[in-house]
Amino acid sequence: MTADTADFPFRTVIFDLDGTLIDSAGDVGAAVNRVLADHGLAPIDAEAQRSLMGEGGRVRTRKAFALRGKDLDEAELSACVRDFVRYYAEHPIDSTVPYPGVIDTLGRLADAGVRMAVCTNKYEGSARDVLARLGLMPPIEDAAGADSFDVRKPHPGHILNLLARMGAAPGEALMVGDSIHDVKAAKAAGLPVIAVSWGYTLTPARELGADAVIDRFDDLLATAARLPRPQPQPG
């Protein structure tokens, strides 16, 4: 354990993925645009693609088609999501990279014995594939996606079910994310939450209601050490 992890108050850290650990909007957006092209629709630019991140494939696909003036019924939406998943799986890390400081910080947490997992609204298989390809799993040991349980963020059960699957105590865990969904889920689950300022949220990070905000991933350890320890939830 190094000096910067000696006072780290959490045994487990749950991370959001896209916009928190990795900048993936380019590859996600490319897959979305391939689906739009299949339907004769014009591509969406990079700025608009970033605004669609964070709510999972079904919401993103529906909104992408709506931006091009087309409403999808449930059958059409399901078919388009399947196409998106297939296209994304073909090119998941062409431009996707971990944010600066992520690899080093995760390594220091792992060396200190802190357990880590990802809770994301993308599908679990996609999340695990990207994490493995980027060399982040391990040290990240588990990942839960939109299809892992019967709820997803902002429902607190997404985080709590993941912690239960890990055998980790909510009263010793921290959430780190970039969106209001991360903050709401963490607060409802009784976890302290740190927001990152570089993510895909349309609402500024300092207005999300997190316990702290960091502007560099390198600041995570020192910022977490200043937070009060989480309180175990009854039941």
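Q: What share of the accessible surface of the chain belongs to carbon and sulfur atoms?
A: The model is a predicted one. In this model the accessible surface of the chain comes to about 10,300 Å². The part of that surface that belongs to carbon and sulfur atoms is 52%.

Q: What percentage of the residues in the chain is buried?
A: A residue counts as buried when its relative accessible area is under 20%. Applied to the 235 residues in the chain, this criterion gives a buried portion of 51%.

Q: What radius of gyration does the chain have, and how does this compare with the globule rule?
A: The chain holds nine helices and eight strands. For 235 residues the globule rule gives 18 Å, and the value for the chain is close to this, so the chain is as compact as a globular protein of that length. Its C-alpha atoms fill a box of roughly 55 × 35 × 30 Å along the principal axes. The radius of gyration of the chain is 18 Å.

Q: Among contacts between residues at least 6 apart in sequence, what percentage joins residues at least 24 apart?
A: Contact here means heavy atoms within 4.5 Å. With pairs at least 6 apart in sequence as the reference set, the portion joining residues at least 24 apart is 67%.

Q: How far apart are the mean positions of the positive and negative charges of the chain?
A: The chain carries 25 positive and 33 negative charges. The separation between the mean positions of these two sets is 2 Å.

Q: Within what arc do the buried residues of helix 6 fall?
A: Helix 6 spans residues 124-133, and its buried residues are Glu124, Ser126, Ala127, Val130 and Leu131. Viewed down the helix axis, they line one face of helix 6, because they fall within an arc of 165°.

Q: Which elements do the buried residues of helix 6 pack against?
A: The partners include both strands and helices. The strands are strand 2 (22-23), strand 4 (115-119) and strand 5 (142-144). The helices are helix 4 (74-90) and helix 7 (156-166).

Q: Which residue just after helix 6 takes a positive phi?
A: Most residues other than glycine have a negative phi. Just after helix 6, a positive phi of about 75° is taken by Gly135.

Q: Which residue is joined to Pro139 by a cis peptide bond?
A: Most peptide bonds are trans. In the loop between helix 6 and strand 5, where Pro139 is found, a cis bond with omega of about 15° joins Pro139 to Pro138. A cis bond with omega of about -5° also joins Met137 and Pro138. The residue joined to Pro139 is thus Pro138.

Notes:
Residues numbered from 1 in each chain as written. Predicted model: local features only at pLDDT ≥ 70, side-chain atom pairs only at ≥ 80, totals over all residues. Heavy atoms only, no water. Buried < 20%, exposed > 50% of the residue type's maximum accessible area, 1.4 Å probe, protein only. Helix = DSSP H or I, 4+ residues; strand = E, 2+ residues; numbered from the N terminus. Arc of directions from axis to C-beta. Rg over C-alpha atoms; globule rule 2.2 N^0.38 Å. Areas by Shrake-Rupley, 256 points an atom, 1.4 Å probe, with all protein chains shown as cover. Lys, Arg positive; Asp, Glu negative; His and termini not counted. Charge placed at Lys NZ, Arg CZ, Asp CG, Glu CD.
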